[in-house]
Amino acid sequence: MVFEHVTKRFGSLEVLPPIDLTLENGEFTVLVGPSGCGKSTTLRILAGLEQLSGGEIYFDDRAIGRLEPKERDIAMVFQDYALYPHMNVARNMSFGLRLARVPRPEIDARVQRVAKMLSITHLLERKPAELSGGQRQRVAMGRALVRDASTFLFDEPLSNLDAKLRAQMRTELGEMRDRLEKNMVYVTHDQVEAMTLGDRIVVMNEGVVQQQGTPEELFKRPNNKFVAGFIGSPAINFIDGMLVEEKGRLWARGAGFLLPLSEETANRVRPHKASDVTLGIRPSSINLDTDSGAPIELQVVVSEYLGAQTTLVTKLPSGEEVLVELPSAVSPRPGTLAAFAVVTDDILIFDRTTTLRL
């Protein structure tokens with residue numbers, strides 16, 4: 001699937017500048033970003049629910065950007081389920097097949113197969129009003145899956161579910177992804193969903209693709225501050241500092257810290273000749289083993305207990321807030337000044353002006 005200079009305008013307002021994307025066959029691609037970033041508009045253009053203002057979309061070298069939705073071999077799962085209240089689950093799932101005049105035995109076989117996959121066989125005779133939110137979402141997904149389309153689109157399908165159901169449905173979607181060798185494009189603003197489900201993640205902001213890649217690539221090698229700040233939970237720490245060369249080594253200095261940079265990072269940063277920078281340090285890259293990294297003293301302000309892990313809200317002498325993620329058994333108490341260590345290999349350096357990673 002290829003997006004070639006795809007744009008979208010509403011009157012004089014350009015909501016999607018030219019987008020170029022290539023999505024491999026069989027991938028689970030997640031479009032992620034804050035509200036208003038253009039991810040749902042991109043999905044609706046792909047589905048044919050919004051018309052292109054420019055560019056083209058290709059499926060296997062076939063231009064589909066001007067085709068009607070029914071001609072695109074695409075099935076879509078909407079955020080609000082959109083189930084017919086007067087039809088039972090089986091008829092909701094088979095509605096599209098019946099419109100297409102698929103033979104009745106084939107319809108029944110497809111509905112049974114997908115219902116078994118989604119564990120809703122016992123619900124086929126119920127109507128939507130008799131179902132829970134999670135069950136309704138399964139029916140909405142089942143209605144798409146019975147079509148056996150080449151590409152499935154998901155528009156924030158879990159956003160109406162509570163936290164426990166979201167986690168359960170994430171697992172089921174992951175299992176379904178592994179069973180079906182289909183193209184899947186999934187839209188969400190939840191970076192946890194993106195990280196756990198996506199083979200490829202496309203991060204968008206204000207209609208612009210900031211970066212695309214595997215979850216690991218985006219977490220470890222973000223292109224800029226926006227991607228680094230959006231991917232990862234708890235959120236990455238951004239700390240202002242400056243680069244200094246001392247004793248034949250490059251260091252990051254700031255109010256209350258002096259951190260040596262790894263040789264790999266130093267070699268990448270030196271050619272840019274930047275002085276004032278922003279350091280990106282993941283909360284998981286700060287620990288209490290002072291022999292494992294560069295020392296830093298932090299005042300513990302708040303301790304957020306999350307079971308096995310605790311997130312500490314700490315402060316540097318300058319007052320800058322720093323999040324630290326530790327095993328709960330070893331977490332210092334609020335009000336204490338504690339010595340921590342920063343894993344220097346994990347430090348990311350961003351240009352303070354352009355916000356790009358150096």
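## Working through a predicted model

The span of residues 1-231 is 36% helix and 26% strand, and its end C-alpha atoms lie 25 Å apart. Helices (H or I, at least four residues) and strands (E, at least two) are DSSP runs, numbered from the N terminus. This is a predicted model, in which local features need pLDDT of at least 70, side-chain atom pairs count only at pLDDT 80 or more, and totals for chains, interfaces and linings use all residues. Residues are numbered from 1 along each chain as its sequence is written, and side-chain values use heavy atoms, with hydrogens and water left out.

**Exercise 1.** Work out how helices α2 and α4 cross, and which residues make the contact.

*Solution.* Start with the axes, which are lines fitted to C-alpha atoms over the stretch in contact, with angles from 0 to 180 degrees between N-to-C directions. Those of α2 (residues 89-99) and α4 (residues 133-145) come within 7 Å and cross at roughly 35°. Next, the hand: this crossing is right-handed (the near helix is turned clockwise from the far one by less than a right angle). Now look for contact, meaning heavy atoms within 4.5 Å. On α2 you'll find V89, N92 and M93, and on α4 V139, G142 and R143.

**Exercise 2.** Find the edge strands of the open sheet that contains β1.

*Solution.* First get the order: four strands run β2-β1-β4-β5, with antiparallel pairing. Because β2 (13-22) and β5 (62-63) each have a single partner strand, they stand at the edges, and one side of each lacks a neighbour in the sheet. Two strands pair if DSSP finds at least two bridges between them. Then check the β5 end: two bridges join β5 to β4 (residues 54-59), and F59 has R62 as its bridge partner.

**Exercise 3.** Trace the strand partners of β11, then place G241.

*Solution.* Take β14 (residues 276-281) to begin with: β11 (residues 237-246) pairs with it in the antiparallel sense over six bridges, and F238 stands opposite G280. Then take β12 (residues 249-254), which pairs with β11, again antiparallel, over five bridges; here M242 is matched with R253. β11 and β12 form a hairpin with two residues between them, and K247 in the turn has a positive phi of about 55°.

Finally, G241 is found in β11. At 6% relative accessibility it counts as buried (under 20% relative accessible area, 1.4 Å probe, protein chains only). Leaving aside neighbours within four places in sequence, the contacts of G241 include R253, S275 and R352. Of these, S275 is 34 residues away in sequence, yet 8.4 Å away in space, C-alpha to C-alpha.

Note on methods: Buried means under 20% relative accessible area, exposed over 50%, partly exposed in between (1.4 Å probe, protein chains only).
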